[in-house]
Amino acid sequence: MESSERHEVILRALRDRDRVPVIELAELTGCSEMTVRRDLDVLERDGLLKRIRGGAVGMLTSEETPFPARTRHQAAVKQRIGAAVANLIDDGESLVVDGGTTALEVARCLVDRRLTVLPLSLHVVDVLRGSDRLRLVIPGGDVRPAEQSFTGPLTEHVFDVVRLDTAVIGCCGLTAHDGVSAHDLAEAQVKRAALAASARVIAAVDSSKFGRTAFGRVCPVTDLDIVVTDQDAPVEQIEKFRAQGVEVVLV
């Protein structure tokens, strides 16, 4: 089992329980306790868990997890979601690509496509800026240091002067009752402006975001056209989305 797969197993175990001992994690991953301890050291540095004597406790709370840590979390799942979302985009489209780690995987699948893309973070800009076929339109605005996302009135203004075929958004929380939510209020406002300027909205969301509600509300579920997520998404929530007319794609 590769390290990224072991990390997913460890984090999944910590989502299910408050704390898990090293010996049990070794059994779950099929690796030695020494290897598990090294994995725990890496995940602790990323802020995803806390080491305790003989095991670990999870740190994935309602607070915003640092961007570098989120790139490791559900990495393989996010790659699958990114590829599936890219397959829903037709050449020639104009689209806005959100700033989170799952949307970043979408951007990686769009590099060689004939598209017009308005990115909402410098991370996405870095992925797309070397493309010869793709037209990149930078919105400007304030940049959140850790997230490298564009926020503020300058960013929001661009959506007053453009109209887009598709908005690809991520989120910090997603429920059938509260819809899409984000930890940062300024980012939530930018997302709302992006949705209002787009003819179609695709939410790229890994299953760990389901059932969570963050501080800033972005939109109700009915504002989404498609949700692309993984097979571990809760069935009850998916059924509620579909009942409200939202297409759900499982990868």
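The sheet is where I would like to begin, and since this is a predicted model, please take everything that follows as a description of that model. Seven strands form an open sheet in the order β6-β5-β4-β9-β12-β14-β15, and the pairing is parallel. At the edges stand β6, residues 135–136, and β15, residues 247–250, and because each has a single partner strand, one side of each is left without a neighbour in the sheet.

Within that order, let me pick out one pairing, that of β9, residues 164–169, with β12, residues 198–204, which runs in the parallel sense over five bridges. If you want a point of reference on the screen, look for Thr 166, which stands opposite Arg 200 in β12.

Now to the helices. How do the axes of α8 and α9 cross? Helix α8, residues 153–161, and helix α9, residues 185–196, have axes that come within 9 Å and cross at roughly 5 degrees, which makes α8 roughly parallel to α9, given that angles under 35 degrees count as such. On the α8 side the contact is made by Thr 155, Glu 156 and Phe 159, and these meet Gln 189, Val 190, Ala 193 and Ala 194 in α9. Sorted by class, the residues of this contact are four nonpolar, two polar and one charged.

One of those residues deserves a closer look, namely Thr 155 in helix α8. Is Thr 155 buried or exposed? With a relative accessibility of 0%, Thr 155 counts as buried, because the cut-off for that class is under 20%. Leaving aside residues up to four places away in sequence, Thr 155 touches Leu 120, Pro 139, Gly 140, Gly 141, Asp 142, Phe 150 and Val 190, and Val 190 is also among the α9 residues that I named for the helix contact.

Let me finish with the aromatic side chains, where the structure holds one pair. The rings are those of Phe 210 and Phe 241, whose centres are 5.8 Å apart and whose planes lie at 35 degrees, so the pair is tilted, neither under 30 degrees, as stacked would require, nor over 60, as edge-to-face would. The pair links distant parts of the chain, 31 residues apart, with Phe 210 in the loop between β12 and β13 (216–219) and Phe 241 in helix α10, residues 235–243. As for accessibility, Phe 210, at 8% relative accessibility, counts as buried, and Phe 241, at 1%, counts as buried as well.

Technical notes
Residues numbered from 1 in each chain as written. Predicted model: local features only at pLDDT ≥ 70, side-chain atom pairs only at ≥ 80, totals over all residues. Heavy atoms only, no water. Axes fitted to C-alpha atoms, helices over the stretch in contact; angles between N-to-C directions. Helix = DSSP H or I, 4+ residues; strand = E, 2+ residues; numbered from the N terminus. Parallel < 35°, antiparallel > 145°, perpendicular 65-115°, else oblique. Contact = heavy atoms within 4.5 Å. Nonpolar A, V, L, I, M, F, W, Y, C, P; charged D, E, K, R; others polar. Pairing = 2+ DSSP bridges. Phe/Tyr/Trp six-rings, centres within 6.5 Å; stacked < 30°, edge-to-face > 60°. Buried < 20%, exposed > 50% of the residue type's maximum accessible area, 1.4 Å probe, protein only.
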